[in-house]
Amino acid sequence: QVQLVESGGGLVQAGGSLRLSCTASGRTFSSYSMGWFRQAPGKEREFVARLRWSGGSTYYADSVKGRFTISRDNAKNTVYLQMNSLKPEDTAVYYCAAAYLESTRYTYWGQGTQVTVSS
């Protein structure tokens, strides 16, 4: 069982930056590929970024490529999402999720953290 808790959301002006954190419980964090997703009001949840369990490969949605960076610190059981050059269209609830090893099936989800970007 893995429990995920996100933090770091808030209100920021367009062009600004935020860093989201997602801290996991349990001792097997390093065995999970981690993803960030977001859901804006009235829209479906969408993929944002993924980092493989081994820490090597990262994947990004085209809409955030070059602006967002996903990283992890296994010693702290934490995955981060550094968000730069934020745009109003980045406004959403951001969720972190865990998938075991190479799986793309995310079995654990956090409760979400709100990110609001004002124009």
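**Exercise 1. The surroundings of D90**

Which backbone nitrogen lies 2.8 Å from a polar atom of the side chain of D90? Place D90 in the predicted model and list its contacts.

Solution.
- Step 1. The nitrogen belongs to K87: its backbone N is 2.8 Å from a polar side-chain atom of D90.
- Step 2. For the location, D90 sits in the loop that runs between β8 and β9.
- Step 3. The relative accessible area of D90 is 0%. The limit for a buried residue is under 20%, so D90 is buried.
- Step 4. Side chain to side chain, D90 and R67 make a polar contact of 2.8 Å.
- Step 5. Setting aside residues up to four places away in sequence, D90 touches R38, R67, F68, S85, V115 and V117. R67 is thus listed among the residues touched and is also the partner in the polar contact.

**Exercise 2. Two loop residues with positive phi**

Describe the backbone and the exposure of S85 and N77, then find what N77 touches.

Solution.
- Step 1. S85 is placed in the loop between β8 and β9. Its phi is near 50°, which is positive although the residue is not glycine.
- Step 2. With a relative accessible area of 41%, S85 counts as partly exposed.
- Step 3. N77 belongs to the loop between β7 and β8. Here too phi is positive in a residue other than glycine, with a value near 55°.
- Step 4. N77 has a relative accessible area of 18%, so it is buried.
- Step 5. Beyond its neighbours within four places in sequence, N77 is in contact with C22, T23, A24, S25, G26 and F29. For C22, which is 55 residues away along the chain, the C-alpha to C-alpha separation is 8.3 Å.
- Step 6. One of these contacts, F29, has a further partner: R72 lies over the face of the F29 ring, 4.5 Å from the ring centre.

**Exercise 3. Strand β4 and its partners**

Is β4 largely enclosed by the rest of the structure or not, and with which strands does it pair? Use burial and the bridges to β9 and β5.

Solution.
- Step 1. Of the 8 residues of β4, 7 are buried, so the strand is largely enclosed by the rest of the structure.
- Step 2. β4 and β9 run antiparallel and are joined by 8 bridges. Within this pairing, W36 has C96 of β9 as its bridge partner.
- Step 3. β4 also pairs with β5, again in the antiparallel sense, over 5 bridges. In this pairing F37 stands opposite F47.
- Step 4. The hairpin of β4 and β5 has 6 residues between the strands, and G42 in it takes a positive phi near 75°.
- Step 5. W36 can also be placed in the nonpolar core: the largest one has 30 residues, and L4, W36, L81, M83 and Y94 touch the most other members. At least two residues of this core come from each of β3, β4, β5, β7, β8, β9 and β11.

**Exercise 4. Aromatic pairs**

How many aromatic pairs does the model contain? Classify the pair of Y32 and Y100 and the pair of F37 and F47.

Solution.
- Step 1. The count is 6 aromatic pairs.
- Step 2. For Y32 and Y100, the ring centres are 5.4 Å apart and the planes meet at 70°. Plane angles over 60 degrees count as edge-to-face, so this pair is edge-to-face.
- Step 3. Y32 belongs to strand β4 and Y100 to strand β9, so the pair ties together parts 68 residues apart in sequence.
- Step 4. Y32 counts as buried at 9% relative accessibility, whereas Y100, at 47%, counts as partly exposed.
- Step 5. F37 and F47 are also edge-to-face, with 5.8 Å between centres and 75° between planes.
- Step 6. Because F37 lies in β4 and F47 in β5, this pair ties together parts 10 residues apart in sequence.
- Step 7. F37 is buried at 10% relative accessibility; F47, at 30%, is partly exposed.
- Step 8. Together with Y106 and W109, F37 and F47 form one aromatic cluster. Over the ring of W109 sits the charged end of R45, 3.9 Å from the ring centre.

Notes: Residues are numbered from 1 along each chain as its sequence is written. This is a predicted model: local features need pLDDT of at least 70, side-chain atom pairs count only at pLDDT 80 or more; totals for chains, interfaces and linings use all residues. Side-chain values use heavy atoms; hydrogens and water are left out. Rings of Phe, Tyr and Trp (its six-membered ring) pair if their centres lie within 6.5 Å; planes under 30 degrees apart count as stacked, over 60 as edge-to-face and the rest as tilted. Helices (H or I, at least four residues) and strands (E, at least two) are DSSP runs, numbered from the N terminus. Buried means under 20% relative accessible area, exposed over 50%, partly exposed in between (1.4 Å probe, protein chains only). A charge sits over a ring if NZ of Lys or CZ of Arg is within 6 Å of the ring centre and within 35 degrees of the ring normal. A nonpolar core is a set of buried Ala, Val, Leu, Ile, Met, Phe, Trp, Tyr and Cys residues joined through side-chain atoms within 4.5 Å. Two strands pair if DSSP finds at least two bridges between them. Contact means heavy atoms within 4.5 Å. A polar contact is a pair of N or O atoms within 3.5 Å; within protein, one must be able to donate a hydrogen and the other to accept it, and residues adjacent in sequence count only if both atoms are side-chain atoms.
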